[in-house]
Amino acid sequence: MAYQDIHTNHLNDIIELVKAKKIVGENAALSKFTLYLDTVQSIGSFNLQNWRLDWRKKIWAFGELFKDLNPSVFLASLDDKLIAPAVTNKEVLEFIRSEIIVNFLPDNECKKQLENLIEKYPLNPEFRHTLGHYYGRENSYLLAISEYKLALKIEPSNSVYLKHRFSAEHSYLTRLIAEGEYQKGKEYLKLVFDENFYINMDATYHNGLVDFNARIDDHLIFQTKLKTMESDFKNKVKEELDNERKRIIEVLGFFSAIVAFILSTVSIGKNFSFLEATYFIVALGLILILFAITLSVLFSSKKAELIKDKKFWILIVGIILLFLFIQATEAIAKLFNSQ
């Protein structure tokens, strides 16, 4: 039997009675609901023609009445019908029952019952649509999207399913951006764009994903620049630390040379004649100067330009002068010895 307006009109009466707290009694909500269950079976198993969206929305509204109202008497009436031998359509009764329990029972219990209903009625999009809500609440967005996609595959024109699929994808992409998983977001968007789903269904949703794609591109560009800046900063800090370390070594070498020169001068002055001490002190001074310059050259940050470094040439000249001084000292010593 095809859908008739009485299927919605009778339900409107029941909803009003429940809102008025007229649950039990003659012509009250429960008695009308029990009669309604016999009538509504005539629309048959799920099909797009008889399971009209406006009627299903009314069933959703009826189920929402039990967010704070105990539905036990209505569930008992439904369960009696489901086990009755004369029942002709369990699917529609299961749908009404599911909309009651998802508004009253805990999420884990509702998920189990919905999964069982999907096994019984795999081509009923309502059960998949509702199960998608629970996955969304758990932040299992890909599972939620999968259920919404299957529901839309069965009923492509359902704007409610479409809205919830986009909402789940919006939440999923927002989380990826928050977690810095930009490449994963790009890959997911590519799959959606390759599907050409939203562009054929609703340009507004398609444009929303295009905006997401642009946001992710901006984050990727910024991340690349940030990594470059981070690398440059690390290199600059390392260079500054190296330079500072080299300067410290040079300063320590310089002061070590001064201390060594002072101590050695005192010792030489006590143990040698004036002329010998003079030679030793000059030689020692040259050696210590060469030592300080050598440290500076060894720790220079511009080894590639060593030939152009003044310190390098000072070191070479110093070594030559030291060599000449030693030769001159030997010649003078021989001269004195011959006399």
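**Helices, core and ring contacts**

Q: How many aromatic pairs does the structure hold?
A: The structure is a predicted model. Ring centres must lie within 6.5 Å to count as a pair. On that criterion, the number of aromatic pairs is 15.

Q: Is the aromatic pair of Trp51 and Trp55 stacked or edge-to-face?
A: The ring centres of Trp51 and Trp55 are 5.5 Å apart, and their planes meet at 80°. Planes over 60 degrees apart fall in the edge-to-face class. The pair of Trp51 and Trp55 is therefore edge-to-face.

Q: Are Trp51 and Trp55 buried or exposed?
A: A residue counts as buried under 20% relative accessible area and as exposed over 50%. Under these cut-offs, both Trp51 and Trp55 are buried.

Q: Which helices does the aromatic pair of Phe62 and Phe74 link?
A: Phe62 and Phe74 pair edge-to-face, at 6.1 Å centre to centre and 75° between the planes. The two residues are 12 residues apart and belong to distant parts of the chain. Phe62 is in residues 53–64 and Phe74 in residues 72–83, which are helices H3 and H4.

Q: Why does Phe62 count as buried?
A: The cut-off for buried is under 20% relative accessible area. Its partner Phe74 is buried, with a relative accessible area of 1%. Phe62 counts as buried because its own relative accessibility is 1%.

Q: Which residues form one aromatic cluster with Phe33?
A: Phe62 and Phe74 are an aromatic pair. Both belong to the cluster that holds Phe33, together with one further Phe. The partners of Phe33 in this cluster are Phe62, Phe66 and Phe74.

Q: Which helix gives the most to the largest nonpolar core?
A: This core has 67 residues, and Phe33, Trp55, Phe62, Phe74, Ile96 and Ile100 touch the most other members. The leading helix gives nine residues and spans residues 159–178, which is helix H9.

Q: Which Phe residues does Ile100 touch, leaving aside residues up to four places away in sequence?
A: Ile100 is one of the residues that touch the most other members of the core. Its contacts include Gly63, Pro71, Leu75 and Leu78. The Phe residues it touches are Phe33, Phe62, Phe66 and Phe74.

Q: Which ring does the charged end of Arg165 sit over?
A: Elsewhere, Arg137 lies over the face of Tyr134, at 4.7 Å from the ring centre. For Arg165, the distance to the ring centre is 4.3 Å, and the ring is that of Phe197.

Q: Is His129 buried or exposed?
A: His129 lies in helix H7. Leaving aside neighbours within four places in sequence, its contacts are Trp60, Tyr148, Ala151, Val160, Tyr161 and His164. Its relative accessible area is 4%, so His129 is buried.

Q: Which helices are included in what covers the buried residues of H6?
A: Helix H6 (residues 107–120) has 14 residues and reaches 20 Å from its first C-alpha to its last. Its buried residues are Cys110, Lys111, Gln113, Leu114, Leu117 and Ile118. The cover includes residues 90–101, 125–137 and 141–154, that is, helices H5, H7 and H8.

Q: How many helices and strands are there in the protein?
A: From the N terminus on, the elements run as α after α. Of the 339 residues, 37% are buried. The count is 14 helices and zero strands.

Note on methods. Residues numbered from 1 in each chain as written. Predicted model: local features only at pLDDT ≥ 70, side-chain atom pairs only at ≥ 80, totals over all residues. Heavy atoms only, no water. Core = buried A, V, L, I, M, F, W, Y, C linked by side-chain atoms within 4.5 Å. Buried < 20%, exposed > 50% of the residue type's maximum accessible area, 1.4 Å probe, protein only. Helix = DSSP H or I, 4+ residues; strand = E, 2+ residues; numbered from the N terminus. Contact = heavy atoms within 4.5 Å. Phe/Tyr/Trp six-rings, centres within 6.5 Å; stacked < 30°, edge-to-face > 60°. Lys NZ or Arg CZ within 6 Å of the ring centre and 35° of its normal. Expected span 1.5 Å × (residues − 1).
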